[in-house]
Amino acid sequence: MSKSDDPGDFASRLLALSQQLLSMAGAVKSVPDEEEPQQNPWGTLGEVPDETLLVYVAEAIYRHRQARRELFPVGLFGEPGWDILLDLYISSKRNRQVTVSDACLASLVPSTTALRSLAQLEQEGLVERHRDPQDGRRIYVRMLPEAEVRMVAYLTGVLRERQAAGY
């Protein structure tokens, strides 16, 4: 994951991405009719969110967590398990496999702490490790389907808040 450029720039980047997504879907008209209400880039409360938008929200949450670490003392905030889950969700939607080492790096904590968090996520049935069939020394970790359902529900809730607020 890349570091956040500017936490204050989130809204403009998000708006630009949503406009691009709507444009690609053919949903944006060059001149909206005055009778039609302007379309919310977050969609409406009743519709199922687009997976691309959910991934973007997950990436934004991850970037904001990194930016928070840059602004406040190290160790003040810590949820390595959440950072690992966010990274696993994003990586799965980007068709990238995540090694145990990559998952530890994504948590931004010492590897011993990250490995404990990974073990806890595994005990809770949220992730699983599996060996690389071509190289048995490499171990991958992936989010299990139940955890993905929960992540989608969480990210959908974040979107619903934005939809309700109209931004």
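Is Arg142 buried, partly exposed or exposed, and at what relative accessibility? Select Arg142 to find out: at 37% relative accessibility, this residue counts as partly exposed. Before going further, please keep in mind that what you have open is a predicted model.

**First stop: two strands**

Keep Arg142 selected and add Glu128, because the side chains of these two residues meet in a salt bridge, with N and O 2.7 Å apart. Arg142 belongs to strand 3 (residues 139–143) while Glu128 belongs to strand 2 (residues 127–131), so this pair ties together parts that are 14 residues apart in sequence. Glu128 is itself partly exposed, with a relative accessible area of 27%.

Next, select Arg65, Arg69, Glu79 and Asp83 together, since salt bridges that share partners join these four residues into one network.

**Second stop: the loop between the strands**

Now move to Asp132, which you will find in the loop between strand 2 and strand 3. With a relative accessible area of 7%, Asp132 is buried, because buried means under 20%. Show the side chain of Tyr140 as well, and you can trace a polar contact of 3.3 Å that joins it to the side chain of Asp132. If you leave aside residues up to four places away in sequence, Asp132 touches Arg138 and Tyr140, and it is worth displaying both of them alongside Asp132.

**Third stop: Glu122 and Arg129**

Select Glu122 and Arg129 next, where you can see another salt bridge between side chains, this one with an N to O distance of 2.9 Å. Glu122 counts as partly exposed at 32% relative accessibility, and Arg129 is likewise partly exposed, at 32%.

**Last stop: two helices**

Finally, select Lys93 and Glu148, which form a salt bridge whose closest N and O atoms are 2.4 Å apart. Colour helix 3 (residues 80–93) and helix 6 (residues 145–165) to see the setting: Lys93 lies in helix 3 and Glu148 in helix 6, so the pair ties together parts that are 55 residues apart in sequence. Lys93 counts as partly exposed, at 21% relative accessibility, and Glu148 is partly exposed too, with a relative accessible area of 24%.

How many salt bridges does a search of the whole structure find? The search finds 12, among them the pair of Lys93 and Glu148 that you have just selected.

Key
Residues are numbered from 1 along each chain as its sequence is written. This is a predicted model: local features need pLDDT of at least 70, side-chain atom pairs count only at pLDDT 80 or more; totals for chains, interfaces and linings use all residues. Side-chain values use heavy atoms; hydrogens and water are left out. Helices (H or I, at least four residues) and strands (E, at least two) are DSSP runs, numbered from the N terminus. Buried means under 20% relative accessible area, exposed over 50%, partly exposed in between (1.4 Å probe, protein chains only). A polar contact is a pair of N or O atoms within 3.5 Å; within protein, one must be able to donate a hydrogen and the other to accept it, and residues adjacent in sequence count only if both atoms are side-chain atoms. Contact means heavy atoms within 4.5 Å.
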